[in-house]
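Work through the following exercises with the sequence and the model side by side. Each task is followed by a solution that goes step by step.

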Amino acid sequence: MKYLLSISLVLNLSLLMGQSKKELRQSISDLNMQKTVLESQINKKDSLISNISLKLKTTEEQLAKAELDVHNLGESFSEATLENMNLTSELKELNKTIEKLKSGNTSKLVHLDYNNPINGFNVSIIWRPEIKFGEHLQGPGIISFEHPDKEKNFSIAHQYISILEKDVPFIKVDESSGVVQLLENKATLSYDKSSTSKSNPFLIDEVPFFFKNIDFSNFNDEELVLLEVGKGTRSRNSFKVFDLEYQHPKELKHSPFNELQSSSEINYSKRTISNYFDIGYCANVYEVYGFEKVSEYSEFLQLRFIIKEERGNYGRCYWNTYKVGDRKLTFVRKSVSN
């Protein structure tokens, strides 16, 4: 009897163990399935998060571009307003100069034509030479530029047209009185383009105007530059720069273009313009303008460095270079002044 009971117990235990192993395998199988489902859900969530992050990045870029578009739109409106103001100013200057030329003795007016095209323009000048300044004769007038494309035609009023005396031998000046005498009222001149090939255009004084890339915008688009002999500080030559990409030439009246003199320097490789101000002994200043990238989409020509001549120990003069930024000057280096 005990033996039968033992056999029965062993059989029952075996059945239970067999059943437990089966249930265990089923449980493991269920867990693996749950694991697979969870992993799939996790992968989906990771993919969703990645997509959301990508969309956020795209949205941020779109917002940045939208902000830039708004900024550019505002600038476009400002530029349009400024262009209209500039056009009105230029027309007033032109009319003023015409009236000035008409009001004086018209027999003192000279009509000059250049016999060779200049940057695609046929150029003529109506001019009243009034004074001699060094090797130049100077006076107010109007310079007209005619192009095969009639829409590009324009005229510029210039109060200080300066032409080398040797180029207009028919104009005589009494050295004692300064009175200008005209032997002819009409002449044809030849424009010497080789005189405008100097690496530093602010040293050009052989022609009354020239075309040169001054604002670094596009080397195929040159600005019109007018020479003003002796009108800068300490009788230096000064210059006026006009952007020709508008319907009417737009004078660049902001720094550094409104302070260009024969002491200014331009560096095309570094894209910098330096203006020199001689304030006095051991107090002179260079302002260096260069491009600074403001964003991925734009950069601006702005004041980057100030090089100041300052007095050090024992009265010795030094050139101290300061970087301009965050509304403050940061010292960069010192060098001995010549």
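Two strands are said to pair if DSSP finds at least two bridges between them, where strands (E, at least two residues) and helices (H or I, at least four residues) are DSSP runs numbered from the N terminus. This is a predicted model, in which local features need pLDDT of at least 70 and side-chain atom pairs count only at pLDDT 80 or more, while totals for chains, interfaces and linings use all residues. Residues are numbered from 1 along each chain as its sequence is written, and side-chain values use heavy atoms, with hydrogens and water left out.

**Exercise 1. Describe the open sheet that contains β9, and state which strands stand at its edges.**

Solution. The secondary structure of the protein comes to one helix and 18 strands. Four of these strands form an open sheet in the order β9-β10-β11-β12, with antiparallel pairing. β9 and β12 (250–251) each have a single partner strand and therefore stand at the edges, with one side of each left without a neighbour in the sheet. β9 is joined to β10 (residues 223–228) by four bridges, and the two run antiparallel. Within this pairing, phenylalanine 211 has leucine 224 of β10 as its bridge partner.

**Exercise 2. Classify the aromatic pairs made by tyrosine 114 with tyrosine 191 and by phenylalanine 121 with phenylalanine 211.**

Solution. Begin with the rule: rings of Phe, Tyr and Trp (its six-membered ring) pair if their centres lie within 6.5 Å, and planes under 30 degrees apart count as stacked, over 60 as edge-to-face and the rest as tilted. By this rule the count comes to 17 aromatic pairs. The rings of tyrosine 114 and tyrosine 191 have centres 5.6 Å apart and planes at 80°, so this pair is edge-to-face. Since tyrosine 114 belongs to strand β1 (residues 110–114) and tyrosine 191 to the loop between β8 (186–189) and β9 (209–212), the pair ties together parts that are 77 residues apart in sequence. Both tyrosine 114 and tyrosine 191 are buried, a term that means under 20% relative accessible area, with exposed meaning over 50% and partly exposed in between (1.4 Å probe, protein chains only).

Phenylalanine 121 and phenylalanine 211, in turn, form a stacked pair, at 6.0 Å centre to centre and with 5° between the planes. Phenylalanine 121 lies in the loop between β1 and β2 (122–127) and phenylalanine 211 in strand β9, so this pair ties together parts that are 90 residues apart in sequence. Phenylalanine 121 is buried at a relative accessible area of 8%, and phenylalanine 211 is buried at 7%. As a last step, follow the ring pairs onward: they link Tyr114, Phe121, Phe145, Phe154, Tyr191, Phe209 and Phe211 into a cluster.

**Exercise 3. Determine which side chain of opposite charge is nearest to the buried lysine 212.**

Solution. Lysine 212 has its place in strand β9. For the charges, Lys and Arg count as positive and Asp and Glu as negative, whereas His and the chain ends are not counted. The nearest side chain of opposite charge is that of glutamate 222, 6.2 Å away, and lysine 212 has no salt bridge, a term that requires a side-chain nitrogen of Lys or Arg within 4 Å of a carboxyl oxygen of Asp or Glu. Once neighbours within four places in sequence are left aside, the residues in contact with lysine 212 (heavy atoms within 4.5 Å) include Lys198, Glu222, Glu223 and Tyr268.

**Exercise 4. Trace the two hairpins formed by β16 with β17 and by β17 with β18, and then place lysine 308 in its surroundings.**

Solution. Strands β16 (residues 299–311) and β17 (residues 317–325) pair in the antiparallel sense over seven bridges, and phenylalanine 305 has lysine 323 in β17 as its bridge partner. The hairpin of β16 and β17 has five residues between the strands, and tyrosine 314 in the turn has a positive phi of about 60°. β17 is also joined to β18 (residues 328–336) by eight bridges, again running antiparallel, and here threonine 321 has arginine 333 as its bridge partner. This second hairpin has two residues between its strands, with aspartate 326 in the turn at a positive phi of about 55°.

Turning to lysine 308, its side chain forms a salt bridge with glutamate 310, the closest N and O atoms being 3.7 Å apart. Lysine 308 is partly exposed at 28% relative accessibility, and glutamate 310 is partly exposed at 22%. The charged end of lysine 308 also sits over the ring of tyrosine 322, 5.9 Å from its centre, where the rule asks for NZ of Lys or CZ of Arg within 6 Å of the ring centre and within 35 degrees of the ring normal.
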